[in-house]
Amino acid sequence: MPDISLTVTAALCLASLVAGWIDAVVGGGGLLLLPALLLGLPSGTPAAYALGTNKAVAIVGTAGAAVTYARKAPVDVRLAVRIGLAALAGSTAGAFVAAGMSTAVLKPVVMVVLLGVGTFVILRPAFGTAPSTAPVSPRRVLAAIGLAGLGIGFYDGLIGPGTGTFLVLALTALLHFDLVTASATAKIVNCCTNAGALATFAWKGTVHWQLAALMAVFNLAGGTIGAHTALKKGSGFVRVVLLTVVFALVANMAYQQWVA
């Protein structure tokens, strides 16, 4: 357990609860959880410990949300696992590439893409509000495995922030899911990418396991509540949260790129 005060520990647990809720609804919980850990851990702690502890916490909340969704939402678990295995391979490759290049070059490109996505969702109110009744072609399934799996998995290993949000958008666009079903499927895919990353951090010994276990309890509660909220409120509610997270992500990345 790192040497932090009870007040800081309580603040980290609260951040973990809220992050779990956000992540379960539409992805992007790392926007809150990772900065909270970077601020809360003792000064001089290597960033790898924040990253590793973040993954150990997030995988529990994501798994809890995935189970909640799978019980009550029309999720094709088999398809989600196929995409997730591709994402696991992509995130591993992205992590290797990240070791040898500066991700600062790519962040402005990601911000432009996010702004474009946000604008598209605003201009298309019907996007993701109802699933298509037409069957999904094998070509679209392969595209989902390639883009949502390998492509976004690679991004997760290379940069990371907003992976869950990108997954929701890609699954909605490629497979004609409504936003609730896309969020449910994204949780299963995210479990795969988180597991791969956590295994790497655990192997390197950069996880504060006791702190992670405590925060994971709150993240699990937040994730379960978030999944129930999304299922109850429907795609319209998820759309509002999605837009909020997209523009918060852009603001966060812009701050990190040009201000911090």
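## Working around His176 and beyond

His176 has a relative accessibility of 33%, so it counts as partly exposed. The structure is a predicted model, and the exercises below walk through some of its features.

### Exercise 1: The loop after H7

Task: Find where His176 lies, and work out what stands out about its phi angle.

Solution:
- Step 1. Place the residue. His176 sits in the loop between H7 and helix H8 (179–204).
- Step 2. Read the backbone angle. Just after H7, the phi of His176 is positive, at about 60°.
- Step 3. Compare with the usual case. Most residues other than glycine have a negative phi. His176 has its positive phi although it is not a glycine.
- Step 4. Look at Phe177, which is also in the loop between H7 and H8. Phe177 has a relative accessibility of 16%; the cut-off for buried is under 20%, so Phe177 counts as buried.
- Step 5. Add a distance. Phe177 and Pro74 are 103 residues apart along the chain, and 10.0 Å separates their C-alpha atoms.

### Exercise 2: Helix H7

Task: Check the span of H7 against the expected value, then say whether H7 is mostly covered or mostly uncovered.

Solution:
- Step 1. Work out the expected span. H7 has 13 residues, and at 1.5 Å a residue they should span 18 Å. The expected span takes one less than the number of residues.
- Step 2. Compare with the model. The C-alpha atoms at the two ends of H7 are 18 Å apart, so the two values agree.
- Step 3. Count the cover. Of the 13 residues in H7, 12 are buried, so the helix is mostly covered.
- Step 4. Name some of them. The buried residues of H7 include Thr163, Phe166, Val168, Ala170 and Leu175.

### Exercise 3: Aromatic pairs

Task: How many aromatic pairs does the structure hold, and which geometry do Trp21 and Phe237 adopt?

Solution:
- Step 1. Search the whole structure. The search gives two aromatic pairs.
- Step 2. Take Trp21 and Phe237. Their ring centres are 6.0 Å apart and their planes meet at 80°; planes over 60 degrees apart count as edge-to-face, so this pair is edge-to-face.
- Step 3. Place the partners. Trp21 belongs to helix H1 (residues 6–26) and Phe237 to helix H10 (residues 235–258), so the pair ties together parts that are 216 residues apart in sequence.
- Step 4. Check the exposure. Trp21 is partly exposed at 26% relative accessible area, and Phe237 is partly exposed at 24%.
- Step 5. Turn to Tyr155 and Phe166. Their ring centres are 5.3 Å apart with planes at 80°, so this pair is edge-to-face.
- Step 6. Place this pair. Tyr155 is in helix H6 (residues 138–158) and Phe166 in helix H7 (residues 163–175); they are 11 residues apart, and the pair links distant parts of the chain. Tyr155 and Phe166 are both buried.

### Exercise 4: Cysteines

Task: How many disulfides are there, and why does Cys191 not bond with the cysteine whose sulfur is closest?

Solution:
- Step 1. Recall the chemistry. A disulfide is a covalent bond between the sulfur atoms of two cysteines.
- Step 2. Give the total. A search of the whole structure finds zero disulfides.
- Step 3. Explain Cys191. The closest cysteine sulfur, in Cys192, is 6.9 Å from the sulfur of Cys191; a disulfide needs sulfur atoms within 2.5 Å, so that is too far for a bond.
- Step 4. Check the cover. Cys191 is buried at 17% relative accessibility, and Cys13 is buried as well, at 6% relative accessible area.

### Exercise 5: Sequence and space

Task: What distances in space separate Thr62 from Ala186, Ala80 from Leu12, and Val18 from Gly29?

Solution:
- Step 1. Thr62 is in helix H3 (residues 47–72) and is buried at 2% relative accessibility. From Thr62 to Ala186, 124 residues apart in sequence, the C-alpha distance is 9.4 Å.
- Step 2. Ala80 is in helix H4 (residues 77–98), with 0% relative accessible area, so it is buried. Ala80 and Leu12 are 68 residues apart along the chain, with C-alpha atoms 31 Å apart.
- Step 3. Val18 lies in helix H1 and is partly exposed at 37% relative accessibility. Val18 and Gly29 are 11 residues apart along the chain, and their C-alpha atoms are separated by 7.8 Å.

### Exercise 6: A surface patch

Task: Which residues form a nonpolar patch on the surface?

Solution:
- Step 1. The patch is formed by Met1, Leu214, Val217 and Phe218, and together they have about 360 Å² of accessible area.
- Step 2. Leu214 is part of helix H9 (residues 209–233). Its relative accessible area is 33%, so Leu214 is partly exposed.

Methods: Residues numbered from 1 in each chain as written. Predicted model: local features only at pLDDT ≥ 70, side-chain atom pairs only at ≥ 80, totals over all residues. Heavy atoms only, no water. Buried < 20%, exposed > 50% of the residue type's maximum accessible area, 1.4 Å probe, protein only. Patch = residues over 30% accessible without salt bridge, like charges linked within 9 Å, V, L, I, M, F, W, Y side chains within 5 Å. Areas by Shrake-Rupley, 256 points an atom, 1.4 Å probe, with all protein chains shown as cover. Salt bridge = Lys/Arg side-chain N within 4 Å of Asp/Glu carboxyl O. Helix = DSSP H or I, 4+ residues; strand = E, 2+ residues; numbered from the N terminus. Phe/Tyr/Trp six-rings, centres within 6.5 Å; stacked < 30°, edge-to-face > 60°.
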